[in-house]
Amino acid sequence: MTDMASSTTPRLVTVFGGGGFIGRYVVEALLKAGARVRVAERDPRKAWYLQPLGSVGQFAAVAADLRRPETVRRALEGANAVINLVGVFDGDLDAIHVEGAKHAAAEAAATGASAFVQVSAIGADQASESNYGRTKGLGEQAVRDAFPNATIIRPSVVFGPEDEFTNRFASIARFPFLPVIAPDRNFQPLFARDLGRAIAAAALDPKAHGGKTYELAGPDVMSMRDINRRVAEMAGHRPEIVDVPDFAANGLSMLGFLPGAPLTRDQWIMLQKDNVASGSLPGFKDFGIVPTSLDAAAPEWLGRFRKGGRFAPRAT
């Protein structure tokens, strides 16, 4: 892996969205590398839990909103590298994924930052039928236009102790039947800590990673049905897997505008395609990282869903 503690390590890295699920692992990797980290959040209090990860003076949190360029400018003062992790699934996606990313990249270039890392997604495409995929694709282009040497990172679905992916499936698996939407759709789930290390490395070594686009995915291609089954087993449950017919899932997506709906229309559109690495772009190997499998990591937190808790004996 790239030597992130080398003499090329930037003194200060600003991380937009660093208080979120993926952000905690990016910040962890940066702090371990000796960098100073400034987390930019609309509500900085959401990032305070990260402070114990660093030494005195190594961590700071500031208020910033990608939709307000003046706050972006303040968050970038003195930063040597910038990471944009901000992503949303509802609301004004154009304002966040496109205009917001453009503001951050343009200000990073204007202030003389040496690196800019834009975290996008596998499936990002300006011509995508899904609003999420389309705006992520447009955001990539906006960043490239403003900061040509930016690094674009496209991850597959991400799992980790705090995710809303494995934890949600494990919670539902406690019932006798486990309904699975898009059961045959394939994914390459990747571990959040692996992703965090790669993002940090890209920011800390723009000479090696600048100007490139990476697809980061886990070691195993798994169908949605297989993922649900494995998560249920690791959580100590063996429900009957029930494939939800496409016509029924499509109908549910029509109700996605309702509070608490299990599936939005945009999510259903994204589920029409596999979410796996194309093989045409570099991946974890270029960071010297061997990706962690779901089976190797997930039992650590899914054990709490077992009857008797995480220390209960596992069924064979």
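Here is a quick briefing on the predicted model above, from its overall build down to a few single residues. The protein has 12 helices and 13 strands (DSSP runs numbered from the N terminus, H or I of at least four residues for helices, E of at least two for strands). Its radius of gyration, taken over C-alpha atoms, is 20 Å, close to the 20 Å from the globule rule (2.2 Å times the number of residues to the power 0.38) for 316 residues, so the protein is as compact as a globular protein of that length.

A word on the ground rules: residues are numbered from 1 along each chain as its sequence is written, and side-chain values use heavy atoms, with hydrogens and water left out. Since this is a predicted model, local features need pLDDT of at least 70 and side-chain atom pairs count only at pLDDT 80 or more, while totals for chains, interfaces and linings use all residues.

**Overall build**

- The C-alpha trace spans about 55 × 45 × 40 Å along its principal axes.
- Of the 316 residues, 51% count as buried (under 20% relative accessible area; over 50% is exposed and in between is partly exposed, with a 1.4 Å probe and protein chains only).
- Take the contacts (heavy atoms within 4.5 Å) between residues at least 6 apart in sequence: 76% of them join residues at least 24 apart.

**Helix α3**

- Helix α3 covers residues 93–110, and its 18 residues should span 26 Å at 1.5 Å a residue (1.5 Å times one less than the number of residues); the end C-alpha atoms are 25 Å apart, which agrees.
- There's a kink of about 30° centred on G100 (the angle between axes fitted to the seven residues ending there and the seven starting there).
- G100 is also one of the buried residues of α3, and others include L93, I96, H97, V98 and E107.
- The cover over those buried residues includes strands β1 (12–16), β4 (81–84) and β5 (115–119), plus helices α2 (69–75) and α4 (131–146).
- Just past the end of α3, G112 has a positive phi of about 85°.

**Aromatic pairs**

- The structure holds eight aromatic pairs (rings of Phe, Tyr and Trp, using the six-membered ring of Trp, with centres within 6.5 Å; planes under 30 degrees apart are stacked, over 60 edge-to-face and the rest tilted).
- F89 and Y132 make a stacked pair, because their ring centres are 4.7 Å apart and their planes sit at 15°.
- F89 is in the loop between β4 and α3 while Y132 is in helix α4, so this pair ties together parts 43 residues apart in sequence.
- Y132 is buried, with a relative accessible area of 12%.
- F159 and F191 are stacked too, with ring centres 5.6 Å apart and planes at 20°.
- F159 belongs to strand β7 (residues 158–159) and F191 to strand β10 (residues 190–191), so the pair ties together parts 32 residues apart in sequence.
- Both F159 and F191 are buried, and ring pairs link them with W301 into a cluster.

**Two residues to look up**

- E162 sits in the loop between β7 and α5 (166–172) and is partly exposed at 32% relative accessibility.
- Beyond its neighbours within four places in sequence, E162 is in contact with F21, R24, Y25 and N167.
- The side chains of E162 and R24 are joined by a polar contact of 3.4 Å (a pair of N or O atoms within 3.5 Å; within protein, one must be able to donate a hydrogen and the other to accept it, and residues adjacent in sequence count only if both atoms are side-chain atoms).
- M224 is in helix α8 (residues 224–234) and is buried, with a relative accessible area of 9%.
- Not counting residues up to four places away in sequence, M224 touches several residues, among them F169, P183, F187 and L271.
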